[in-house]
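Welcome, and please load the model in your viewer. We will go from stop to stop, selecting a few residues each time and looking at what is there.

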Amino acid sequence: MRMMLATLMLISPLSFAADIKQELQTQLATLKSFQADFKQRVVDAQDNVLQQSAGKLYVQQPNQLRWEVTAPDETTLIADGSSLWLIDPFAEQVTAMSQNQAVDNNPIVLLTDPTSDAWSSFTYSGELGHYTVTSTNEQSQIQSLTFKFDNNLLTGLTIIDRQQQRSELSFSAQVVNLELDNDLFIFSLPEDFELDDQRTTSGL
């Protein structure tokens, strides 16, 4: 009994968190490409529904992503490996950011590279198939993300921000590891759209 207790004491919270991190990154690493329909529900701290939307997600590892909101208002987010482009047809505006600086406000980008240094900015908890990562950066707008897998398939993602606003994403019609058209991740400024370029020289 004493030996068992001593063994258990050697299993520190840090080693447990490291195991959880490894499990999550291993799960994500199997998604060399991922496409799915999604439904998104945004609620405030009192569970009041603020917004509902739907669209399609495309991920191509490493570092490429396309996030299309088709309803109720169209917007598109493209990560091409170096820049993040947010396209707003209603405002006829495109916002450009350095991709390696965008995780704090657009954590969905984490899906594009399970080995990215950005993962070091989080702590880890959970169990097989259900993982919560919590930001250690107090300047980040994001507090935590929870990834949900069913039989190794990504089925959901919940994002909580510093104001306790919760964005709940559910995925369906998932297709894994099918080669995606590279044109999905190429940005071209639409005619008559204004470009708000927020990239820094170091991020280009």
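The tour below moves from the sheet to its hairpins, then to salt bridges, pockets and a cavity.

**Before you start**

This is a predicted model, in which local features need pLDDT of at least 70 and side-chain atom pairs count only at pLDDT 80 or more, while totals for chains, interfaces and linings use all residues. Residues are numbered from 1 along each chain as its sequence is written, and side-chain values use heavy atoms, with hydrogens and water left out.

**Stop 1: the sheet**

Switch to a cartoon view and follow the strands. Here a strand is a DSSP run of E with at least two residues, numbered from the N terminus, and two strands pair if DSSP finds at least two bridges between them. An open sheet is formed by 12 strands, in the order β7-β8-β9-β10-β11-β1-β2-β3-β4-β5-β6-β12, with mixed pairing. Select 122-127 and 194-197 next: these are β7 and β12, the edge strands, each of which pairs on one side only. On average, neighbouring strands of this sheet are turned by 20° against each other, direction ignored (axes are lines fitted to C-alpha atoms, and angles run from 0 to 180 degrees between N-to-C directions).

**Stop 2: β9, β10 and β11**

Select residues 142-150 and 153-161. These are β9 and β10, antiparallel strands joined by 8 bridges. Their hairpin has 2 residues between the strands, and in the turn Asn151 has a positive phi of about 55°.

Now add residues 166-176, which make up β11; this strand runs antiparallel to β10 and is joined to it by 5 bridges. The hairpin of β10 and β11 has 4 residues between the strands, and Gln164 takes a positive phi near 65° there.

Which residues face Gly156? Gly156 in β10 is the bridge partner of Lys148, and Gly156 also stands opposite Ser170 in β11.

**Stop 3: β5 and β6**

Select residues 93-98 to find β6, which is joined to β5 by 6 bridges in an antiparallel arrangement. Trp85 is worth showing as sticks together with Ala96 in β6, which it stands opposite.

**Stop 4: salt bridges**

Side chains of opposite charge can pair when their charged atoms come close. The rule used here asks for a side-chain nitrogen of Lys or Arg within 4 Å of a carboxyl oxygen of Asp or Glu, and by this rule the count comes to 6 salt bridges.

- Select Lys56 and Asp37: their side chains meet in a salt bridge at 2.9 Å, N to O. Lys56 lies in β2 and Asp37 in β1, so the pair ties together parts that are 19 residues apart in sequence. Asp37 counts as partly exposed at 29% relative accessibility (buried is under 20% relative accessible area, exposed over 50%, and partly exposed in between, with a 1.4 Å probe and protein chains only).
- Select Arg166 and Glu168: the closest N and O atoms of this salt bridge are 2.7 Å apart. Arg166 is partly exposed at 22%, and Glu168 is partly exposed at 23%. Add Arg41 and Asp47 to see a network of salt bridges that links them with Arg166 and Glu168.
- Select Arg199 and Asp197: their salt bridge is 2.7 Å, N to O. Arg199 is partly exposed at 23%, as is Asp197 at 38%.

**Stop 5: pockets and a cavity**

On a 1 Å grid over the protein atoms alone, a cavity is a set of points where a 1.4 Å probe fits but cannot get out, and a pocket is an open set with protein on both sides within 12 Å along at least five of seven lines; lining residues have an atom within 4 Å of a point. Grid points are joined across faces, edges and corners, and a volume is the space filled by probe spheres set on the points.

The largest pocket holds about 730 Å³ of space. Select Gln40, Trp67, Asn105, Asn106 and Ser167, the closest to its centre of the 27 lining residues.

The second largest pocket holds about 230 Å³. Of its 14 lining residues, Asn63, Gln99, Asn100, Val103 and Ser116 are the closest to the centre.

Finally, there is 1 cavity of 30 Å³ or more. Select Leu28, Leu31, Phe34, Val59, Leu111 and Leu154 to show its lining.
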